[in-house]
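Here is a short briefing on one protein structure. Keep the model open as you read, and find each part as it is named.

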Amino acid sequence: MKKVIIITGASRGIGRNMAYNLALEGNKIIANYNKSEKEILDLKNKLKEKNIEIDIFKADVSKKEEVDSLVDFAIEKYNKIDVLINNAGIAEQKLFTDITEEDFDKMMKNNLYSAFFVAQAVAKHMIREHSGAIINISSIYGLTGGSCEVHYSMAKAGIDGMTKALAKELGPSNIRVNSVAPGAIDTEMNKDLTEEVWNSILEETPLNKKGRPIDITKCIKWLIEDEFTTGQVISPNGGIVII
Ligand code: NAP
């Protein structure tokens with residue numbers, strides 16, 4: 001596996017784990033970050049200790065002009081993008097009646113607009129190459145809905161809608177588009193979950209264990225290699241959601 005891969009939100013959590021492990025396998029990684037400079041430099045240095053170089057690129061992917069700079073950087077350096085992993089995202093728990101217009105805008109821009117902008121900027125280069133894979137990280141809440149996370153659930157369901165429509169439009173250009181919809185994964189995004197909440201999640205999870213970033217990375221690796229899967233929402237979730 002030696003591919004040029006853009007990963008958005010690679011400074012922490014799931015994105016960082018993907019960047020680290022895909023770099024170890026010899027891929028050319030463009031690791032995007034926005035606020036967590038210290039963490040992304042730490043990732044770069046850890047890989048450097050193993051003689052592996054990755055590119056890090058600061059861009060707020062909720063802003064189209066910054067997305068364009070990210071994609072231009074990748075094209076100028078490598079002349080193609082084989083894989084896009086739209087991973088950057090934010091979460092917020094709030095009662096539906098308390099969600100402000102500002103909260104709603106922020107949620108949509110950081111989860112949904114961002115995935116749209118990056119996919120759009122990358123797609124034209126993949127179409128030129130007649131090859132590529134786009135993987136969008138959504139969530140089980142996009143499938144089931146999450147109480148007190150209406151805006152997050154809407155954004156993630158929107159991502160799955162984009163995945164399905166884009167798979168149809170880009171399939172004839174030999175570009176596969178899929179969503180990965182994780183269950184609860186032990187990252188900073190879930191730092192406020194109490195032990196009690198984790199225990200109740202585990203009780204409802206047939207495999208009775210917390211998801212780890214590596215569980216998502218393994219699924220991504222398979223999707224990168226696969227050649228016949230497109231338009232699907234694949235959900236590594238320990239069985240908490242079975243459709
Ligand atoms: P995390 O630990 O909070 O990390 C989020 C990452 O997204 C950070 O690297 C952050 O970068 C980046 N990011 C956020 N907004 C950005 C922006 N506007 N521009 C660029 N980067 C941005 O979260 P995680 O748990 O790894 O989640 C990764 C993805 O999986 C998200 O899309 C999330 O919704 C999804 N997911 C997570 C879970 C879970 O249980 N953890 C479950 C289902 C789905 P900076 O810090 O550098 O700004």
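**A sheet, its helices and its cores**

Helix 6, residues 150-170, lies across strand 4, strand 5, strand 6 (175-180) and strand 7. Helix 6 runs at about 160° to strand 6. Keep in mind that this is a predicted model. The points below start with the sheet and then turn to what packs on it.

**The sheet**

- The sheet is open and has 7 strands. Their order is 3-2-1-4-5-6-7, and the pairing is parallel.
- Which strands stand at the edges? They are strand 3 (55-58) and strand 7 (233-234). Each has a single partner strand, so one side of each is left without a neighbour in the sheet.
- Helix 1, residues 13-24, also packs on the sheet. Helix 1 touches strand 1 (4-7), strand 2 (28-33) and strand 4. The direction of helix 1 makes about 165° with that of strand 1.
- In general, strands of a sheet pair through backbone hydrogen bonds, either parallel or antiparallel.

**Strand pairs**

- Strand 4 (residues 83-86) and strand 5 (residues 132-137) run parallel, joined by 4 bridges. Asn86 stands opposite Asn136 in strand 5.
- Strand 5 is joined to strand 6 by 6 bridges, and these two run parallel. Here Ile134 has Val177 of strand 6 as its bridge partner.
- Strand 6 and strand 7 are joined by 2 bridges and run parallel. Ser179 faces Val233 of strand 7 as its opposite residue.

**Strand 6: buried on both faces**

- How many residues of strand 6 are buried? The count is 6 of its 6 residues.
- Both faces are covered. Ile175, Val177 and Ser179 are buried on one side. Arg176, Asn178 and Val180 are buried on the other.

**A close look at Ala167**

- Ala167 is found in helix 6.
- Is Ala167 buried or exposed? Ala167 counts as buried because its relative accessibility is 7%, and the cut-off for buried is under 20%.
- Leaving aside neighbours within four places in sequence, Ala167 is in contact with Val177, Thr230 and Gly231.
- Ala167 and Ala133 are 34 residues apart along the chain. Their C-alpha atoms are separated by 9.8 Å.

**The nonpolar cores**

- The largest nonpolar core has 33 residues. Those with the most contacts inside it are Ile6, Val71, Ile81, Leu84, Val122 and Ile134.
- Which elements give two or more residues to this core? They are strand 1, helix 3 (64-78), helix 4 (101-129), helix 6 and strand 6.
- Helix 4 provides the largest share of this core, 10 residues.
- Apart from this core lies another, of 28 residues. Among them are Ala19, Tyr33, Ile135 and Ile220.
- Ile134 has a long contact list, not counting residues up to four places away in sequence. Ile134 touches Leu84, Asn86, Ala119, Met126, Leu170, Ile175, Arg176, Val177 and Asn178.

**Cysteines**

- A disulfide is a covalent bond between the sulfur atoms of two cysteines.
- How many disulfides does a search of the whole structure find? The search finds 0.
- Cys148 is partly exposed, with a relative accessible area of 32%. Cys219 is buried, with a relative accessible area of 11%.

Conventions
Residues are numbered from 1 along each chain as its sequence is written. This is a predicted model: local features need pLDDT of at least 70, side-chain atom pairs count only at pLDDT 80 or more; totals for chains, interfaces and linings use all residues. Side-chain values use heavy atoms; hydrogens and water are left out. Two strands pair if DSSP finds at least two bridges between them. Contact means heavy atoms within 4.5 Å. Axes are lines fitted to C-alpha atoms, for helices over the stretch in contact, and angles run from 0 to 180 degrees between N-to-C directions. Buried means under 20% relative accessible area, exposed over 50%, partly exposed in between (1.4 Å probe, protein chains only). A disulfide is a pair of cysteine sulfur atoms within 2.5 Å. A nonpolar core is a set of buried Ala, Val, Leu, Ile, Met, Phe, Trp, Tyr and Cys residues joined through side-chain atoms within 4.5 Å.
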